[in-house]
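Visitor: I am new to this structure and would like to know what the terms used for it rest on. Please show it to me, and then we can go through them.

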Amino acid sequence: LQRGVIISFRLRSKHQTQVYNTMKLSSIALLAIAGTSASAFAPVSRSATTTALHATIENTKLVPPKKIEDLATTTADLYAQNVQTTYGRYPLTVESGEGCWLKTTDGKKYLDCVSGIATCALGHANPALNAAVKKQMETMHHVSNLYFIPAQAALANWLCENSNADKVFFCNSGAEANEAAIKVARRHASNRGITKPVIITAEQSFHGRTLAALTATAQPKYHKGFGYDGKMVPGFDYCKYNDIESLEAAVKRATSDGQGLAAIMMEPLQGEGGIIPGDAAFFKKARELCDEHGALLMCDEVQAGMGRTGTLWGHEQVGVIPDVFTSAKALGGGVPIGAMMARGEAATTFGPGDHASTYGGNPLACAAGLAVAQYMCDHNILDNVKARGEQLEAGLTKIAEKYPTILGQVRGRGLLRGVEVIAEDIVPGDIVGAAMQEGLLLVPAGYNVVRFVPPLIISEDEINTALERFEAAVKAKAN
């Protein structure tokens, strides 16, 4: 072990066989290979630990990746062959986009009222966002959080200047931002002497796919198969959304039997749950209960935030100031980034080493976030969201009134809108599929809602086009 050894081995896969030889391995590499043996963990001499930590591999040959331009007709086949089936995909292969429009490989154009599920706030191929990302890539795209990153500082400052937050933690997605919020709530509760902290969320909520965020998501269909002895992560309880009596009952349970209320975590508008706006009285009571018990009020703004509802943050619509709120999706305009914002004690609950993210707040993601922020300021995006949201609501209401046996309530805020599908023999996916035939992209929400979440830059004419194509889709299903 002290001198290293020469070994030869063969790896086989269904695609190729490669022979690796003349490999010089250090003692640590051999210990890794011998990991199933108890003797592999026996102490080694100091001289062994100073063996050169390197390995050379000769006669290797990698299979190069396929060229994207050659995959116009074979993408679906490669998905079936190599991509895990965690998504149900529509039979569209997107080639390019511009503004609110997408073009597929067969040459068709679609008006995109999905925007990457409320993510591409500035639409596709936005010149300002493109320029910012290009400039940052040509300079430096990642260095880790071991060093100061000016773009991260600037974006954090913008977020705090335009909210009640004091400090920001950056990560990569909405689920990660919510995980950070959950950890803050537990640490904050621990600091108050609570050893059995409970976080209350709402039924039909959606907070992410990671394990704690999934537990916070009070939808049993998402929990199936991921529990331990029939249970998810402990320390969560649920109430009915917009139901004060149900919330008070959950708080009573959370503060009994040696437990303590750590936080109440709510979406200001439930997106995946069916486009259900939060009620101001309900959120006011949540704020009061948190204050009474020293707990944190936390808002999941992953979908509703960054201007989607007509104000920068969804919690502005329900008249409360949260202690913690989260953002992702539109924050980077399609470039992955997430953020957990906090104020007061919650902003200083984490210390060095308490939480981290390798990519969180890197120069590339923050350059995109700053470009989105600047564009929103320069182009009065919030005004457009309000105007186009009202236009969309009025148009959808007229269509619903015209087809009362198919469509029901129109609800939502800003450019986060949904319309119920009430016909017994039609599901939202049917309407979405028919709209696709008309050149309009939509997405279901909950079990009976068709959702509209277009780019925040969508124009008056484009809203009219969306309404015309949606009505044609509904008419097609009515016949």
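Guide: Contact means heavy atoms within 4.5 Å. Among contacts in the protein chain between residues at least 6 apart in sequence, 70% join residues at least 24 apart. This is a predicted model, in which local features need pLDDT of at least 70 and side-chain atom pairs count only at pLDDT 80 or more, while totals for chains, interfaces and linings use all residues. Residues are numbered from 1 along each chain as its sequence is written, and side-chain values use heavy atoms, with hydrogens and water left out.

Visitor: What makes up the secondary structure of the protein chain?

Guide: The protein chain has 15 helices and 19 strands. Helices (H or I, at least four residues) and strands (E, at least two) are DSSP runs, numbered from the N terminus.

Visitor: Why is Pro 444 called partly exposed?

Guide: Buried means under 20% relative accessible area, exposed means over 50%, and partly exposed lies in between (1.4 Å probe, protein chains only). Pro 444 has 26% relative accessibility, so it counts as partly exposed. Pro 444 lies in strand S18 (residues 443-445). Leaving out residues up to four places away in sequence, Pro 444 touches Tyr 90, Pro 428, Gly 429, Val 432, Val 449 and Arg 451.

Visitor: Why is Asn 380 placed in the class it has, given 49% relative accessibility?

Guide: With 49% relative accessibility, Asn 380 counts as partly exposed because the value falls between the two cut-offs. Asn 380 is in the loop between H12 and H13. Its C-alpha atom is separated by 9.8 Å from that of Ile 457, 77 residues apart along the chain.

Visitor: How many residues of the protein chain are buried?

Guide: Buried residues make up 48% of the 479 residues.

Visitor: What makes a set of residues a nonpolar core?

Guide: A nonpolar core is a set of buried Ala, Val, Leu, Ile, Met, Phe, Trp, Tyr and Cys residues joined through side-chain atoms within 4.5 Å. The largest one has 86 residues, of which Ile 200, Ile 264 and Phe 470 touch the most other members. Helix H12 (residues 363-378) gives the largest share of this core, eight residues. A second, separate core has 24 residues, including Cys 171 and Ala 347.

Visitor: Why are H13 and H15 called roughly parallel?

Guide: Axes are lines fitted to C-alpha atoms, for helices over the stretch in contact, and angles run from 0 to 180 degrees between N-to-C directions. Angles under 35 degrees count as roughly parallel, over 145 as roughly antiparallel, 65 to 115 as roughly perpendicular and the rest as oblique. The axes of helix H13 (residues 381-402) and helix H15 (residues 460-478) cross at roughly 20 degrees and come within 10 Å. H13 and H15 are therefore roughly parallel to each other.

Visitor: What makes H14 oblique to H15?

Guide: Helix H14 (residues 428-437) and H15 pack at an angle of about 120 degrees, with their axes 8 Å apart. That angle falls in none of the other three classes, so H14 is oblique to H15. The contact is made by Asp 430, Ile 431, Ala 434 and Ala 435 of H14 with Phe 470, Ala 473, Val 474 and Lys 477 of H15.

Visitor: How do the residues of the contact of H14 with H15 divide, and what are the classes?

Guide: They divide into six nonpolar, no polar and two charged. Ala, Val, Leu, Ile, Met, Phe, Trp, Tyr, Cys and Pro count as nonpolar, Asp, Glu, Lys and Arg as charged, and the others, Gly among them, as polar.
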